[in-house]
Amino acid sequence: MSRIIRGVSKNARFFLVDTTDIVQEALNIHKCSPTAIDAFGRLLTAGVIMGSTLKGKDVLTLRTDTDGLLNNMVVTATADGGVKGYLSNPSVDVPLRDDGKSNVGALVGRGTMKIIKDMGLKEPYVGISTVDTGEIAQDLAYYFYNSEQTPTVIALGVKLKDENTVACAGGYMLQLLPDAEDEFITALENKIQAIRPMTELMMGGMDLERILKLLYEDMNSEDNEKLVESYEILEEKEVSYKCDCNKDKFYKGLITLGKEELNKIFAEEEKIEAECHFCGKRYEFKKEDFKDILEVK
């Protein structure tokens, strides 16, 4: 079960998420290489975290356009914990780094990331951030600091058991509140430098609540129960890979082609097959499905 917890303390708000099942579903659908699912899984995890900041029926989309082999990724998240996505070239892979770690940065490359928020207004909000490192967490932290003036710490990770199995995936985000105290900022900076990667913590058996406590534990105290400051968990909920496609949506898209274009297609083909980029589900349409449109004079 993938889930997220979010909450607040005096100086920060936090989000921690386990996306193991979500990334596994994405791997099953898109048949990604090990490095591709590492990169894509991190963006999916970021989508879940950022989607939890939405309200009502708001929708968030993260879209990368970079010069790496994996040059396009798209992730869409909703306030209810649903996330979906697709990527170009899911089968491409690159060798591990010299230290044996996944070389996500080389696969993603450099370029831009669009952060699109559809809040039901006439036009969606579109933010654009530079992708300099190819490391999704670092590039998003840069976006928050420069575009939203919010100092942010983000950690994202995916670890595979084998090429077809996700051992664990998850991440956390801490954002400083306005007028955050210097003492807390220093403690947070020291903790982030000392803490092990998210996947190592998860593989070590830590759940989200224990990782949260670790983030707030006072490193200057021998008492493991002493915190830098107290915190409150405001919400815990399940999150999942969720695609809302259906045949009617594809039908409405096809009729925008117009009568003339549809007639041309059916003059050469017996049917139209449409495939959802997000979940791989296929829909089939025959000429009689458009009977009312094609017979209009």
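**Notebook: a patch, a sheet and some cysteines**

I started with Y125, which counts as partly exposed at 31% relative accessibility. A reminder to myself before going on: this is a predicted model.

**Entry 1, around Y125.** I looked up where Y125 sits and found it in strand β7, which covers residues 125-131. Next I asked which residues join Y125 in a nonpolar patch on the surface. They are M119 and L121, and the three together have about 290 Å² of accessible area. Y125 qualifies for such a patch because its 31% passes the cut-off of over 30% relative accessible area.

**Entry 2, the five-stranded sheet.** I then traced an open sheet of five strands and wrote down its order as β8-β9-β2-β1-β10. The pairing is antiparallel. Which strands are at the edges? I noted β8 (152-162) and β10 (231-238), since each of them pairs on one side only. I also checked how neighbouring strands of this sheet are turned against each other: the average is 10 degrees, with direction ignored.

**Entry 3, β1 against β10.** I wanted to know how many bridges link β1 and β10. My note says seven, in the antiparallel sense, with β1 spanning residues 3-9. For one facing pair I picked S9, which stands opposite Y231 in β10. As a general reminder, strands of a sheet pair through backbone hydrogen bonds, either parallel or antiparallel.

**Entry 4, R63.** I moved on to R63 and found it in strand β3, residues 59-66. Is R63 buried or exposed? Neither label fits, because its relative accessible area is 35%, and values between 20% and 50% count as partly exposed. I also looked at R63 with K114: they are 51 residues apart along the chain, yet their C-alpha atoms are separated by 5.1 Å.

**Entry 5, the cysteines.** How many disulfides does the structure hold? I counted zero. For C32, I looked up the nearest cysteine sulfur, and it belongs to C279, 14 Å away. C32 itself is buried, with a relative accessible area of 7%. I then turned to C276, where the nearest cysteine sulfur is that of C243, at 3.6 Å. I do not call this a disulfide, because the two sulfur atoms would have to be within 2.5 Å. C276 is buried too, with a relative accessible area of 5%.

Definitions and conventions:
Residues numbered from 1 in each chain as written. Predicted model: local features only at pLDDT ≥ 70, side-chain atom pairs only at ≥ 80, totals over all residues. Heavy atoms only, no water. Buried < 20%, exposed > 50% of the residue type's maximum accessible area, 1.4 Å probe, protein only. Patch = residues over 30% accessible without salt bridge, like charges linked within 9 Å, V, L, I, M, F, W, Y side chains within 5 Å. Areas by Shrake-Rupley, 256 points an atom, 1.4 Å probe, with all protein chains shown as cover. Salt bridge = Lys/Arg side-chain N within 4 Å of Asp/Glu carboxyl O. Pairing = 2+ DSSP bridges. Axes fitted to C-alpha atoms, helices over the stretch in contact; angles between N-to-C directions.
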